[in-house]
Amino acid sequence: MSSEVSTKVFDGEEASLLVKDLRESFGSGRTRSYEWRVSQVKALQKMVVDNEQEIMDAIRADLARPPFETVVYEIGILKNSCEVALKELKQWMKPEKVKTPIATFPSSAEIVPEPLGVALIISAWNYPFLLSLDPVIGAIAAGNAVVLKPSEISPASSSLLAKLLGKFMDNSCIRVVEGAVDETTALLQQKWDKIFYTGNGRVGSIVMTAAAKHLTPVVLELGGKSPVIVDSNINLQVAARRIISGKWGTNNGQVCVSPDYIITTNDIAPKLVDTLKTELEKFYGRNPLESKDLARIVSSNHFARLTKLLDNDKVSSKIVYGGEKDESRLRIAPTILLDVPRDSLIMSEEIFGPLLPILTVKKLEESFDVINSGTKPLVAYLFTTNKKFKEQFVMNVSAGALVVNDTVVHFGIHTLPFGGVGESGMGAYHGKFSFDAFSHKKAVLYRSVIGDFSIKYPPYTDTKLRVVKAIVGGRIFNIFGALLGWS
Ligand code: NAD
């Protein structure tokens, strides 16, 4: 169903008409001016500011997430993204002068960022506003027309996004299509100039296959198992609080940068478990299923998926804290497991929920092998005060990002690119990286018609060959020498 009131099914034909419309708007040049881009980022900013309560209510309906988390991780980051874009857009749009070689003298050159055209953004349910609107800010700042397809798994947010973007934005260039697999498939059949997808890797590969048909570039923001290494000689209380805040304090573990599992040594593990238990009880009380400060699981499918991860004696017998569930309210308490089998389901796939296994190793250096034996994570965390170990961590672990002594906070730093590597995704965004993700860096060379040396034209004499060799060698002295006939 499109954002406009329509009884027609959104199929390939509708999708094709939509893209045709947007291509015409883009072709008219409307989206290219600095003024249009600023007006649209401002409109989006106003839309978020004016509708904070509605946004919080929609997310509460979809996830029962505490408003505090929505203010910090969706509204706060979105407002900041708008402010950064408005402050820096002029600079981002400026062509970048670059040097030219003597071989093209006299000449000058620049790199001109140009909009790609019509972009498709497919977003996920867990941060439905942030993951939809943050890429939209990048797309419009870069001067593109855009179609947003929010996730059907968070329906209240999806319909509010359609309503608000319909009301606040320039709909000749910015549209929302609501729907699930059928609607997304119809959209993916079209030719786009960029597809920006957030979600799981299985669908990521469907998106990439569809994009390949038209040679469309993609950004894939995927997930994975993000580890946390915990060293000795750190302040365990601070480490525990920061792990809790990144795990259960952000959508109850349903976030792509959530700590997926902990690796620590046999001697630290019991102390870490005790500290986590103490801090968890301070945060969420003795009966966390009743806590208003914990989001619920998004759907019964995801509830069943998480239950299945525990549905094995070898795993459920390892629960050292939590484990309580309430299916009728889709609630699962913060749950810690110690020393689960490495070949269990919970250690083979991304958890994306409130379960946190702790693996133990004899020496902490072994944790690099544990991480590198799996797929490349979206982020890897380390808690340590050991300088040498930090350096080894940076050298040895490949991930979308690394964070030392905290969790999740890197997501809000717009000067850092956000994205995965390998199975955790490709491409990046946030701040200027969002602008770049939706721009083509056009190489432009300006030559003069003076200085049209005949040396590059046939007939190719020995002198010309000598001079060309000297030019290729790049040494001014040799070039003059060759011109003067020196060998
Ligand atoms: P989801 O179910 O909302 O799906 C994402 C999008 O894909 C939706 O818009 C949905 O309609 C579409 N989709 C689903 N099946 C499809 C199909 N067969 N064909 C075409 N489109 C289809 O979200 P999800 O996949 O459950 O999201 C969770 C995953 O996303 C986790 O792996 C998580 O780590 C990852 N994630 C990554 C980031 C990031 O920024 N890197 C952010 C959030 C989530």
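1. A polar contact is a pair of N or O atoms within 3.5 Å; within protein, one atom must be able to donate a hydrogen and the other to accept it. By that definition, the side chains of S107 and T100 are joined by a polar contact of 3.2 Å. S107 also reaches T104, side chain to side chain, in a polar contact of 2.9 Å. Both distances come from a predicted model.

2. More on S107. This serine sits in strand 2, which runs over residues 107-115. Setting aside neighbours within four places in sequence, S107 is in contact with T100, L445, Y446 and R447. T100 therefore appears twice for S107: as a contact under that count and as a polar partner through the side chain, with the N or O atoms within the 3.5 Å limit. A186 is far off by comparison with any contact cut-off: the C-alpha atoms of S107 and A186 lie 47 Å apart in space, with their positions 79 residues apart in sequence.

3. The chain as a whole. It holds 17 helices and 18 strands. Along the principal axes, the C-alpha trace spans about 90 × 60 × 35 Å. Of the 487 residues in the chain, 52% are buried. The accessible surface comes to about 22300 Å². Carbon and sulfur atoms account for 57% of that surface.

4. Contact order in sequence. Take the contacts between residues at least 6 apart in sequence. Of these, 70% join residues at least 24 apart.

5. Domains. The chain is divided into two: domain 1 (2-93 + 113-222 + 430-437) and domain 2 (227-419). Note that domain 1 is given as three segments. The C-alpha centres of the two domains lie 30 Å apart. The contact between them takes 22 residues from domain 1 and 27 residues from domain 2.

6. Where is the ligand relative to domain 1 and domain 2? It lies between them, because both domains give residues to the shell around the ligand. That shell has 27 residues, and S151, E152, N200, L222 and E350 come nearest. By class, the shell divides into 15 nonpolar, eight polar and four charged residues.

7. Polar atoms at the ligand. A polar side-chain atom of E350 lies 2.6 Å from an oxygen atom of the ligand. From S123, a backbone N or O atom lies 2.8 Å from a ligand oxygen. E221 faces a nitrogen instead: an N or O atom in the E221 side chain is 3.4 Å from a nitrogen atom of the ligand. On its own, the ligand has 850 Å² of accessible area, and the protein covers 92% of it. Three elements give two or more residues to the shell: helix 7 (181-188), strand 6 (194-198) and helix 8 (201-213).

8. T70, for a residue elsewhere in the chain. T70 belongs to helix 4, residues 67-93. Is T70 buried or exposed? T70 counts as buried, because its relative accessibility is 0%. The cut-off for that class is under 20%. Not counting residues up to four places away in sequence, T70 touches M56, I59, R65 and I75.

Definitions and conventions: Residues are numbered from 1 along each chain as its sequence is written. This is a predicted model: local features need pLDDT of at least 70, side-chain atom pairs count only at pLDDT 80 or more; totals for chains, interfaces and linings use all residues. Side-chain values use heavy atoms; hydrogens and water are left out. A residue is near a molecule or strand if one of its heavy atoms lies within 4 Å of it. Accessible areas come from the Shrake-Rupley method with a 1.4 Å probe; for residues, only the protein chains shown count as cover. Helices (H or I, at least four residues) and strands (E, at least two) are DSSP runs, numbered from the N terminus. Ala, Val, Leu, Ile, Met, Phe, Trp, Tyr, Cys and Pro count as nonpolar, Asp, Glu, Lys and Arg as charged, and the others, Gly among them, as polar. Domain bounds come from an automatic or database domain assignment. Buried means under 20% relative accessible area, exposed over 50%, partly exposed in between (1.4 Å probe, protein chains only). Contact means heavy atoms within 4.5 Å.
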